[in-house]
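Q: Please take a close look at how the helices in this model pack against one another. I would like a connected account that begins with one helix pair and then follows the neighbouring elements and any unusual backbone geometry.

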Amino acid sequence: MKPTLQLKLNTGLTLTPQLQQSIRLLQLSTLELNQEITRLVQENPLLELDEGIDQDGFETGGPDISLSPSDSSAAAESDGISEIGKNTDIQSDWPDDPLYADQEFFFDTRRRSDEDHDQDFSRLISKPVSMREHLLSQISLGQYCERSKKIAELLVDSLNDDGYLSQDLDELAGLLPPELEISTADLESALDYIQQLDPPGVGARNLQECLSLQLKALPDNTPLRDEALKLVNGHLESFAAKNFQLLKKVLDCNETCLQSIYQLITQLNPKPGDDFNTTTARHVISDVIVTRSDSGWGVRLNSDSIPRVRINNLYAGILKHHRTEATQMLMGQLKEARWLVRNLDQRMDTILRVSQAIVDCQQAFLEQGETAIRPLVMREIAVTLGLHESTISRVTTQKYMWTPHGIFELKYFFGSHIPAERGEAHSAIAIRGLIKRLIQDEDRRKPLNDSQISQMLAQQGIVIARRTVAKYREFMHIPPTNLRKTL
């Protein structure tokens with residue numbers, strides 16, 4: 001038999017293949033793990049997806065699917081979990097016989113039934129129409145000669161995803177083959193035609209032209225349309241800077257009239273092509289779910305997040321009674337299958353324990369929200385659970401927790417802290433939450449500047465500089481004072 005491949009780090013840690021797999025599975029996100037499980041099941045005939053086991057929990061061999069504050073400390077002492085990062089052979093407590101016992105091994109989480117898999121509703125979903133297809137269909141129905149239509153179709157292919165024509169017409173005319181005999185005037189005529197199509201504003205060469213086209217497309221009797229056109233065509237920069245005093249002088253109107261004009265313009269679409277841009281949403285699957293009971297806040301595994309895997313009993317039974325040289329490879333695959341099942345169990349148990357420890361530390365967050373989150377470092381959780389800090393880092397990366405305040409990556413609950421005057425420390429996340437709340441409650445006619453926010457935080461015992469407020473505000477994508485001002 002070939003000797004077990006082992007890798008040694010500078011620390012002297014021996015990484016067996018089992019431990020390498022355990023570390024890898026812990027690093028993967030839930031979506032990546034689902035793909036990995038699918039691949040391994042396809043490659044290893046001794047593995048199978050099990051969808052017929054009792055949905056209420058693990059039948060045998062699986063970890064508990066929930067923890068509460070009362071039993072999280074006991075779980076930390078469980079000898080069934082080996083810490084990743086210590087010199088521990090994950091196979092040390094297994095019998096030498098890869099076929100020992102008749103016990104089933106499986107990793108159990110809830111999956112849809114076969115009937116649900118058979119229902120393929122994707123066929124019923126119509127393919128979205130692209131902006132190009134939408135424009136070309138209108139051009140084909142237009143009362144124009146074929147040559148004009150072809151030139152218009154050429155320009156449609158030059159539009160960007162936002163619906164703008166970013167290329168200069170003279171430059172575009174110079175790039176076309178001379179034998180086509182398409183001049184800049186021909187392109188300008190075709191562009192005028194495109195700018196009359198739906199959606200309004202398509203074919204514009206800049207934001208000013210885009211907004212102007214949309215205003216011109218409104219009915220002639222639209223109130224304040226002409227005033228809005230005057231503002232867009234001549235004073236768009238002042239409008240963007242919200243210089244309301246200058247705009248009232250330019251339009252010779254009062255504040256109520258300017259407010260109506262402002263609303264008319266802000267209702268326009270600065271990116272006409274956005275409605276046709278279909279982007280793939282990034283799906284986040286929560287690994288654990290926070291629940292509240294009489295004993296306090298606890299966590300449980302999301303049983304829908306990962307398929308349950310088990311050993312194929314048919315093959316395992318055959319191998320148990322027929323051991324020959326020809327079955328050596330299958331016996332190796334059986335051992336690998338049991339490694340996978342055990343490592344999957346360990347992964348979920350570790351995630352569960354770390355999540356419960358975070359919940360125990362962040363009770364105030366669960367009660368009050370992000371403004372009450374406390375400073376927390378990974379070392380604190382590592383010491384509590386008796387794990388290595390690198391293990392905590394792996395567990396909290398791309399693993400998500402459902403809470404009453406939304407879904408958060410586990411790493412979200414760790415962050416820097418800022419000392420307070422009273423000797424306490426405040427989390428940077430909590431301070432950002434306070435800044436957001438102050439801005440949400442401000443008078444939009446006289447929004448707070450960064451210095452005022454810094455002073456208001458100082459009154460609460462949180463001393464941070466104005467530039468730190470500006471950094472946190474920009475991190476939350478909150479615009480500066482002048483851009484938050486309204487009439």
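A: **Helix packing and its surroundings**

The axes of helix α15 (residues 328-361) and helix α18 (residues 389-396) come within 10 Å and cross at roughly 95°. That angle falls in the range of 65 to 115 degrees, so α15 and α18 are roughly perpendicular to each other. On the α15 side, the residues that meet α18 are T350, I351, V354 and I358; their counterparts in α18 are T391, I392, V395 and T396. Sorted by class, this contact of α15 with α18 comprises five nonpolar and three polar residues, with no charged residue. The arrangement described here belongs to a predicted model.

Helix α16 (residues 363-368) contains A364. With a relative accessible area of 31%, A364 is partly exposed, because the value lies between the limits of 20% for buried and 50% for exposed. When residues up to four places away in sequence are set aside, A364 touches G369 and A372. A364 can also be related to R374: the two are 10 residues apart in sequence, and their C-alpha atoms are 7.7 Å apart in space.

A second set of packed helices involves α10. The axes of α10 (residues 225-234) and α13 (residues 255-266) come within 10 Å, crossing at roughly 75°. This crossing makes α10 roughly perpendicular to α13. From α10, the contact draws on R225, E227, A228, L231 and V232, and from α13 on L258, I261, L264 and I265. By class, the contact of α10 with α13 holds seven nonpolar residues and two charged ones, and no polar residue takes part.

Helix α10 also packs against helix α12 (residues 244-251), here at an angle of about 120° and with the axes 11 Å apart. An angle of about 120° lies outside the perpendicular range of 65 to 115 degrees and under the antiparallel limit of 145, which is why α10 counts as oblique to α12. The crossing in which α10 passes α12 is right-handed. It is formed by E227, K230 and L231 of α10 together with L247, V250 and L251 of α12. Four nonpolar and two charged residues make up this contact of α10 with α12, again by class, with no polar ones. Both E227 and L231 of α10 therefore appear in the contact with α13 as well as in the contact with α12.

The segment that precedes α12 deserves attention too. S238 is placed in helix α11, and at 17% relative accessibility S238 counts as buried. Not counting residues up to four places away in sequence, S238 touches N243, L246 and L247. Of these, L247 is also one of the α12 residues in the contact with α10.

K242 is found in the loop between α11 (236-240) and α12. Although K242 is not a glycine, its phi is positive, at about 55°. Most residues other than glycine have a negative phi, and most peptide bonds are trans. K242 counts as buried, because its relative accessibility is 13% and the limit for that class is under 20%.

E181 offers a second case of positive phi: the value is about 55°, and E181 is likewise not a glycine. This residue is found in the loop between α7 (169-175) and α8. With a relative accessible area of 63%, E181 is exposed, whereas K242 is buried.

A departure from the trans peptide geometry occurs at D198 and P199, which are joined by a cis peptide bond with omega of about 5°. P199 lies in the loop between α8 (184-194) and α9 (207-216). Helix α8 is thus flanked by the loop that holds E181 and the loop that holds P199.

For the wider setting, the protein chain has 22 helices and 12 strands. Of its 487 residues, 43% count as buried. Among contacts with a separation of 6 or more, those between residues 24 or more positions apart account for 69%. The protein chain exposes about 27000 Å², of which carbon and sulfur atoms supply 49%.

Key:
Residues numbered from 1 in each chain as written. Predicted model: local features only at pLDDT ≥ 70, side-chain atom pairs only at ≥ 80, totals over all residues. Heavy atoms only, no water. Axes fitted to C-alpha atoms, helices over the stretch in contact; angles between N-to-C directions. Helix = DSSP H or I, 4+ residues; strand = E, 2+ residues; numbered from the N terminus. Parallel < 35°, antiparallel > 145°, perpendicular 65-115°, else oblique. Contact = heavy atoms within 4.5 Å. Nonpolar A, V, L, I, M, F, W, Y, C, P; charged D, E, K, R; others polar. Left-handed = near helix turned anticlockwise from the far one by under 90°. Buried < 20%, exposed > 50% of the residue type's maximum accessible area, 1.4 Å probe, protein only. Areas by Shrake-Rupley, 256 points an atom, 1.4 Å probe, with all protein chains shown as cover.
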